Amino acid sequence: MDLLYIHSCHKTQESLLTSTSGFNNYRGVLNWCVVMLVLSNARLFLENLLRYGVLVDPVQVISLFLNDPYSWPAACLVIVSNVFIVVALYTERQLSKVSVNTLFLHPHHIINHHLFSVSSPSVGGAFVLGSYTILFLKLYSYKDVNLWCRELSTVKAKKLSRSLSCPSAQTLNGGDRKVCYPGNLTIRDMYYFVFAPTLCYELNFPRSSTIRMSFLLRRLFEMLFFIQLLVGLTQQWMIPVIQSSMKPLEDMDLSRMTERLLRLAVPNHLLWLIFFYWFFHSSMNFTAELLRFGDRQFYKDWWNSETVTYFWQNWNIPVHKWCLRHFYKPLLRRGFSKIISQSAVFFLSAFFHEYLVSVPLRMFRLWAFTGMMAQLPLAWFVGNFLRGNYGNAAVWMSLIIGQPFAVLMYVHDYYVLHYREEAQ
């Protein structure tokens with residue numbers, strides 16, 4: 001009778017943590033990582049409070065703009081930017097007329113674009129420089145698209161692309177009438193594109209039917225909350241770490257420099273993630289909802305990037321679309337190889353990164369440029385030797401370590417250039 005209870009309790013099977021087991025449910029491990037991350041950062045935050053006290057002071061940020069009203073070039077430059085917008089619109093209107101000599105008017109665009117070299121050594125200067133760079137990219141796209149429209153009209157093309165053609169349907173999804181070239185050359189169309197959350201111009205943008213007030217208010221609340229959080233974390237966490245890093249950098253103490261770099265990596269990366277959400281999700285969705293702009297794909301799943309190339313193609317979709325449409329594909333059409341064209345895109349991106357940092361700081365150090373160009377060999381290495389989770393880890397490592405290294409270099413050079421020399 002007892003033999004009936006004897007049965008096999010073993011079978012051929014792998015341990016769960018073996019790669020060949022097929023097991024992939026690590027939700028508990030992920031939760032554990034989140035709990036450990038929260039606890040470790042809570043300890044760092046408490047240590048920061050005990051050492052430095054409460055450093056958050058929103059009034060201090062506002063005072064930067066109020067103490068010296070005569071050093072407000074940023075507001076004036078933002079107003080002046082309307083001149084470039086109007087000049088671009090006027091130029092396109094003139095070019096749309098068949099009788100106008102296009103060879104004479106094309107330099108107007110070139111002059112208009114090159115007037116964007118502005119310099120203002122302040123927080124406002126950094127803001128206005130970024131605004132002018134965005135406007136430059138927008139007007140370049142505006143010029144290109146209208147040029148394509150004129151070329152298509154000249155050759156009387158039978159089949160026009162969807163974005164440039166005059167469709168048979170008369171209205172957009174949102175009920176707005178569709179326009180054809182040159183009917184798009186209006187003040188309203190121009191300023192809609194200037195404020196729209198995109199860098200690539202089209203005659204007829206996809207539009208949503210209504211403005212969702214609840215969605216709009218949520219995004220507005222997120223914008224206000226996260227900008228305060230960014231300022232607070234910068235004052236409380238970033239600035240003390242950076243200040244304590246000056247002495248090791250001056251002494252070239254490699255061990256202490258490495259320790260400060262790793263200490264700065266956590267708050268810097270946290271601020272970068274918050275900025276990404278604030279800008280690419282909250283702010284751009286707020287603007288899109290307000291303008292009923294239909295294309296809300298401002299980013300893709302860059303956090304799953306297994307290659308460096310995938311990250312740069314998906315974390316900033318508006319810039320990626322502009323580079324693809326107005327820089328990469330034109331290079332291919334002119335006979336350049338894919339490798340050369342991709343390298344040229346990285347070079348252009350490196351130039352703008354350095355430009356946006358060096359001009360407000362009034363110094364030229366090439367740290368941002370070098371960091372961007374270093375992405376090329378890194379992309380080759382990760383793409384050829386790392387796959388899956390290893391590639392994803394390499395991308396995250398480059399983001400977490402690379403950015404604070406550049407921050408420390410710029411802060412050190414700025415300190416040496418503006419403060420140590422003055423003290424001497």
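Modeller: Let us begin with a term: a salt bridge is a side-chain nitrogen of Lys or Arg within 4 Å of a carboxyl oxygen of Asp or Glu. The structure above is a predicted model, in which local features need pLDDT of at least 70 and side-chain atom pairs count only at pLDDT 80 or more, whereas totals for chains, interfaces and linings use all residues. Residues are numbered from 1 along each chain as its sequence is written, and side-chain values use heavy atoms, with hydrogens and water left out.

Biologist: How far apart are the closest N and O atoms in the salt bridge of Lys 321 with Asp 295?

Modeller: Lys 321 lies in helix 11 (residues 317-333), and Asp 295 lies in the loop between helix 9 and helix 10, so the pair ties together parts that are 26 residues apart in sequence; a helix here is a DSSP run of H or I with at least four residues, numbered from the N terminus. At 31% relative accessibility Lys 321 counts as partly exposed, a class that lies between buried (under 20% relative accessible area) and exposed (over 50%), using a 1.4 Å probe and protein chains only. Asp 295, at 28%, is also partly exposed. The closest N and O atoms of this salt bridge are separated by 2.9 Å.

Biologist: Which residues are joined into one network by salt bridges that share partners?

Modeller: A search of the whole structure finds 9 salt bridges. Where such bridges share partners, they link residues into one network, made up of Arg 212, Glu 289 and Arg 296.

Biologist: Are Arg 219 and Glu 222 buried or exposed?

Modeller: These two residues form a salt bridge whose closest N and O atoms are 2.8 Å apart. Because Arg 219 and Glu 222 are 3 residues apart in helix 7, about one helical turn separates them. As for accessibility, both Arg 219 and Glu 222 are buried.

Biologist: Which helix gives the most residues to the largest nonpolar core?

Modeller: A nonpolar core is a set of buried Ala, Val, Leu, Ile, Met, Phe, Trp, Tyr and Cys residues joined through side-chain atoms within 4.5 Å. The largest has 37 residues, of which Tyr 142, Met 190, Tyr 201, Trp 302, Phe 311 and Trp 315 touch the most other members. Several helices each supply at least two residues, including helix 3 (73-95), helix 5 (123-154) and helix 15 (388-423). With 7 residues, the one that gives the most is helix 5.

Biologist: How far apart are the C-alpha atoms of Trp 237 and Leu 264?

Modeller: Trp 237 is found in helix 7 (residues 213-243), and because its relative accessibility is 9%, it counts as buried. Leaving out residues up to four places away in sequence, Trp 237 touches, among others, Asn 41, Val 266 and Pro 267, where contact means heavy atoms within 4.5 Å. Trp 237 and Leu 264 are 27 residues apart along the chain, and their C-alpha atoms are separated by 8.6 Å.

Biologist: Which residue does UniProt list for "active site"?

Modeller: The UniProt entry is unreviewed, and its annotations, given in the numbering used here with shortened feature names, may be inferred rather than shown by experiment. The residue in question lies in helix 12 (residues 338-361), and it is partly exposed, with a relative accessible area of 34%. Leaving aside neighbours within four places in sequence, it is in contact with Ala 368 and Met 372. For "active site", the UniProt entry lists His 353.
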